Amino acid sequence: MANSHWFRLPCKSQDIQLMGTLNGGQSFRWTKLQKNNKEHWLGVYSGKVWLLQQSNEAILYQVFESNAKTQRESHYNSLLRQYLHLDIDLASHYKQWGEKDLNFKEAAKQFYGIRILRQEIVENIFSFICSQNNHISRITSMVEKLAKFYGDEICEVEGITHYSFPDVERLAGAEVEQTLRDNGFGYRAKYISQSAKLITDGGGQKWIDELKLLEYEEAKKKLMILMGIGAKVADCICLMSLGHLQAIPVDTHIYQIAAKWYLPKLAKQKTVTEKIYKEIGDHFRELYGPLAGWAHTVLFCADLKKFQDGKEEARPWVKEVNKSKRLKV
């Protein structure tokens, strides 16, 4: 059911930047639209389709659902506030990080208001399994296929039918691997199928609920049991879905940032070993404190040429091949 009413979530534009937050490689379910000469963001979250528009004093939005039940603005505001992590006083953290690090202070001039999204765990796990050795448009296509093949139809908006992300049990079906292979997922088809089966064999929602209760290091270890999830992807999930804001996903972007500005001794390394991975993460955690993963995300956004000149597509948290130096991450 399309709800044509525009709701309003009070939030100053300095406190959130939708471009960097929704288009910086955290989620693959948001699309930028130009409507009436204004920038809008269309995406799926919590089984609903959202259309967001940023103003100086608020986020204006519409919600589209398959359920005919009309919800109050307070209900939608609560969902959106949670998703966008608006309970965190970001300005004070930016100030602290900038005082500790001049590189961050410079990056923050353009990349203010970058929020860590609170994402649904199952969607995040399988989205980042798709991200391996991949680029953002193809990851987006794969995530949408998973939703279309195994999720529930929500409704049609802007001429496109939108689907919720499937429950893990649907991804554990006997035919899933072959279906995904037939639709261009390659080796990731097996990773998705086998990981879904491991989770369902472990109790499904019970496995997820237990994951939520674990401390950072234990949660990361549990995630790495899943096929196709290494340290970097596990850190993405810890950071974006489990509330472990100290998690630092180290990809080649972050390695290069660390080698150039923070740990120059790493410049001669051709392989990011487990030891180097931990050294980079620990350096940023010591520098920035308990929300180090959030601060590092701002540096990541600032480093992407996509945001610098609009000519190169972002490759979020995934292996990037530098043609002059091949790095194993």
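Two strands are taken to pair if DSSP finds at least two bridges between them. In this predicted model, strand β2 (residues 30-35) and strand β3 (residues 38-45) meet that description, with six bridges joining them in an antiparallel arrangement. One of the matched positions is easy to pick out: Thr31 has Leu42 of β3 as its bridge partner. The hairpin formed by β2 and β3 has two residues between the strands, and Asn36 adopts a positive phi near 55° there.

On its other side of the account, β3 is also joined to strand β4 (residues 48-54), again by six bridges and with the strands running antiparallel. Here Tyr45 is found opposite Lys48 of β4. These pairings belong to an open sheet of five strands, in which the order is β1-β5-β4-β3-β2 and the pairing is antiparallel. The edges of the sheet are occupied by β1 (7-10) and β2; each has a single partner strand, so one side of each is left without a neighbour in the sheet. From one strand to the next, the twist averages 30°. Helix α2 packs on this sheet and touches β1, β2, β3, β4 and β5 (58-64), while its direction makes about 45° with that of β1.

Further along the chain, attention turns to the packing of helices. Two packed helices are described by the angle between their axes and the distance between the axes. For helix α14 (residues 274-288) and helix α15 (residues 292-303), the axes come within 9 Å and cross at roughly 105°. Angles of 65 to 115 degrees count as roughly perpendicular, and α14 and α15 are therefore roughly perpendicular to each other. Their contact brings Phe284, Arg285 and Tyr288 of α14 against Ala292, Ala295 and Leu299 of α15. By class, five of the residues in this contact are nonpolar, none is polar and one is charged.

Helix α15 also packs with helix α13 (residues 252-262), the two axes coming within 10 Å and crossing at roughly 95°. α13 and α15 are therefore roughly perpendicular to each other as well. On the α13 side, the contact involves His253, Ile254, Ile257 and Tyr262, and on the α15 side His296, Leu299, Phe300 and Asp303. The residues of this contact comprise five nonpolar, two polar and one charged. Leu299 thus appears in the contact with α14 and in the contact with α13.

The empty space in the model can be considered next. Rolling a probe the size of a water molecule over the atoms shows where empty space is left. The largest pocket has a volume of about 590 Å³. Its lining consists of 30 residues, and those closest to the pocket centre are Gln119, Glu120, Ile121, Val122 and Glu123. Two or more lining residues come from each of β3, α2 (73-83), α5 (121-130), α7 (168-171), α10 (205-213) and α12 (231-241). In terms of class, the lining of the largest pocket is made up of 14 nonpolar, nine polar and seven charged residues.

Across the whole structure, two cavities of 30 Å³ or more are found. The largest cavity holds about 50 Å³ of space. Ser27, Arg29, Val44, Tyr45, Tyr83, Gln119, Glu120 and Glu123 line this cavity, and they divide into three nonpolar, two polar and three charged residues. Among them, Gln119, Glu120 and Glu123 are also listed with the residues closest to the centre of the largest pocket. Tyr45, which stands opposite Lys48 in β4, is another residue of the cavity lining.

Notes:
Residues are numbered from 1 along each chain as its sequence is written. This is a predicted model: local features need pLDDT of at least 70, side-chain atom pairs count only at pLDDT 80 or more; totals for chains, interfaces and linings use all residues. Side-chain values use heavy atoms; hydrogens and water are left out. Axes are lines fitted to C-alpha atoms, for helices over the stretch in contact, and angles run from 0 to 180 degrees between N-to-C directions. Helices (H or I, at least four residues) and strands (E, at least two) are DSSP runs, numbered from the N terminus. Angles under 35 degrees count as roughly parallel, over 145 as roughly antiparallel, 65 to 115 as roughly perpendicular and the rest as oblique. Contact means heavy atoms within 4.5 Å. Ala, Val, Leu, Ile, Met, Phe, Trp, Tyr, Cys and Pro count as nonpolar, Asp, Glu, Lys and Arg as charged, and the others, Gly among them, as polar. On a 1 Å grid over the protein atoms alone, a cavity is a set of points where a 1.4 Å probe fits but cannot get out, and a pocket is an open set with protein on both sides within 12 Å along at least five of seven lines; lining residues have an atom within 4 Å of a point. Grid points are joined across faces, edges and corners, and a volume is the space filled by probe spheres set on the points.
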